[in-house]
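Got a minute to look at a structure together? Here it comes.

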Amino acid sequence: MFWRHILGYLPVNAIQGAVAFGTIILFTRLLLPEEYGRYALVLATTQLVQMSCFTWVHAGMARFYETARGEGRLGEHFATGYAAVAVLCLAVAAVYAGAVELADLPAAVRSVMYFGLAVLLLRSVLMVGLETHRAARNVRLFGTLESVYSVIGLGVAVVLILTTDLREAAPFVALAAAALVCLAFDLPAVVRIARPTTPSVPELKRFFAYGLPVSMSLALEFALAAADRYLIGWYLGEAAVGVYAASYALASRIVGIIFIWIAMAGLPLMIAALEREGREAAVDVSRRNAEMIVLLAFPAAAGLAAIAAPLASVMVGAEFRASASTLVPWIVLAALMNGLMAHYVHNAFILSRRTDLMAWMAAPPTVLNVVLNILLIPRMGLPGAVIATVISYAVALVLATWVGRRFFPIPLIPGTVVRGGIAAGVMGAAVWLIPGETGVAVLLLKIAAGIVVYVPVALALDVGGCRGMVAGLRGRLAARGTG
């Protein structure tokens with residue numbers, strides 16, 4: 001069942017992966033480093049505001065969807081969520097606009113900030129439906145909406161960059177248009193469910209009590225990942241931010257997509273198992289989740305580190321390449337630790353409803369990251385920023401695991417981790433030994449070699465129970481053929 005849900009989310013993740021690649025390839029060629037740097041800073045700012053102000057509603061709706069459905073309160077559930085987001089949109093828009101005006105920003109930057117605000121608000125409304133569809137395990141609708149949003153956002157952005165003077169503002173205009181298109185299809189259907197009822201204060205309190213710590217935790221974790229960009233801008237300038245952000249996106253998005261893919265299926269299944277069958281059933285689903293992470297994320301991280309140079313030569317513009325090939329292996333390590341923490345270890349707090357502790361877990365590493373960046377960036381430049389991130393994520397992962405398992409026993413599966421590490425290490429070494437550092441042909445050869453080496457080694461070691469998955473797939477295909 002877990003594997004079937006994973007495959008159900010494959011199309012949307014494949015599309016998002018292609019869009020992520022396309023964004024890096026096109027934006028780093030169409031925008032100057034300083035323009036890309038301003039785009040990255042505004043994007044980070046709007047994402048931080050969204051996590052701080054809106055995510056508690058989205059998280060609460062996703063967590064309590066199953067409860068509301070079982071009690072026949074879905075109308076009240078939706079009405080409360082949309083009412084909360086509507087009020088927050090008004091408040092955030094007023095505070096955000098005031099802050100932009102008081103900051104006395106250059107006119108060009110101010111306009112980009114306002115376009116970013118439009119995306120922030122529209123995406124926050126759209127997320128109510130998206131998180132609900134994911135919690136309801138409505139894979140097709142969720143995947144369609146996310147795919148349309150991603151594809152329109154990239155396509156319109158490229159057209160606007162090429163045909164207008166919007167430059168770094170173009171991606172935000174495009175994403176705002178994409179969100180409007182998705183809302184036009186999704187919002188009427190969801191609102192019809194909520195229309196017969198009015199918002200519920202007890203439901204809102206439930207969302208707030210559960211979701212606010214999640215929101216604060218995610219905001220702190222994002223600050224951990226993004227604070228270095230503001231400090232790089234302060235010490236080294238906007239062009240350096242652009243180079244660093246492109247390198248970070250190149251590595252972290254690829255690893256992140258795998259974690260998000262697994263989490264899309266895994267977390268709703270864990271919550272449903274806990275609500276319907278109890279703690280042991282949720283632990284079993286959690287174990288399968290961990291095995292999928294080892295099977296898929298470990299080789300992706302090892303492979304990315306091994307192909308950093310040819311990947312940078314193909315994926316990013318010429319002005320970004322030298323730094324990207326040096327930084328990517330370190331960023332991959334940081335992204336792997338972040339993914340393990342955010343999409344696996346934090347499930348212990350979510351399933352035990354102790355999300356109040358997540359923010360406390362994120363605060364010390366975030367402060368450490370800022371201090372290390374202040375110490376290392378002036379002395380080491382961009383490598384100092386990524387070293388600070390790696391150290392901070394290591395501290396965050398250990399701390400969250402130690403505390404989280406006290407409340408919910410997420411499995412650590414050391415045997416699977418060792419076997420997965422061996423298989424990924426063998427693959428990474430084989431790829432690294434293939435000569436060549438630039439060009440599409442070298443990149444494709446190294447990727448193909450990685451697959452050819454990893455698959456038989458993983459099967460031989462039975463990483464994540466992959467032999468059973470293959471046998472089950474063969475059985476189903478044989479049954480269909482016989483039918």
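Below is a short chat about confidence, one helix and one cavity.

This is a predicted model, where local features need pLDDT of at least 70, side-chain atom pairs count only at pLDDT 80 or more, and totals for chains, interfaces and linings use all residues. Residues are numbered from 1 along each chain as its sequence is written, and side-chain values use heavy atoms, with hydrogens and water left out.

Reader: Which helix has the lowest mean pLDDT?
Author: pLDDT is the predictor's confidence in each residue, from 0 to 100. The chain averages 84, and among its elements helix α17 (residues 414-433) tops the list at 92. At the bottom, with 58, sits helix α1 (residues 2-8).

Reader: Is α6 largely enclosed or not, and where does α6 bend?
Author: Buried means under 20% relative accessible area. Since 21 of the 29 residues of α6 are buried, the rest of the structure largely encloses it. As for the bend (the angle between axes fitted to the seven residues ending at a residue and the seven starting there), α6 turns by about 30 degrees at M127.

Reader: Which element gives the largest share of the lining of the second largest cavity?
Author: Rolling a probe the size of a water molecule over the atoms shows where empty space is left. The second largest cavity is lined by residues including G17, F21, R253 and I257. Two elements, α2 (10-30) and α10 (238-276), each give two or more residues to that lining. The largest share, five residues, comes from α10.

Notes
Helices (H or I, at least four residues) and strands (E, at least two) are DSSP runs, numbered from the N terminus. On a 1 Å grid over the protein atoms alone, a cavity is a set of points where a 1.4 Å probe fits but cannot get out, and a pocket is an open set with protein on both sides within 12 Å along at least five of seven lines; lining residues have an atom within 4 Å of a point. Buried means under 20% relative accessible area, exposed over 50%, partly exposed in between (1.4 Å probe, protein chains only).
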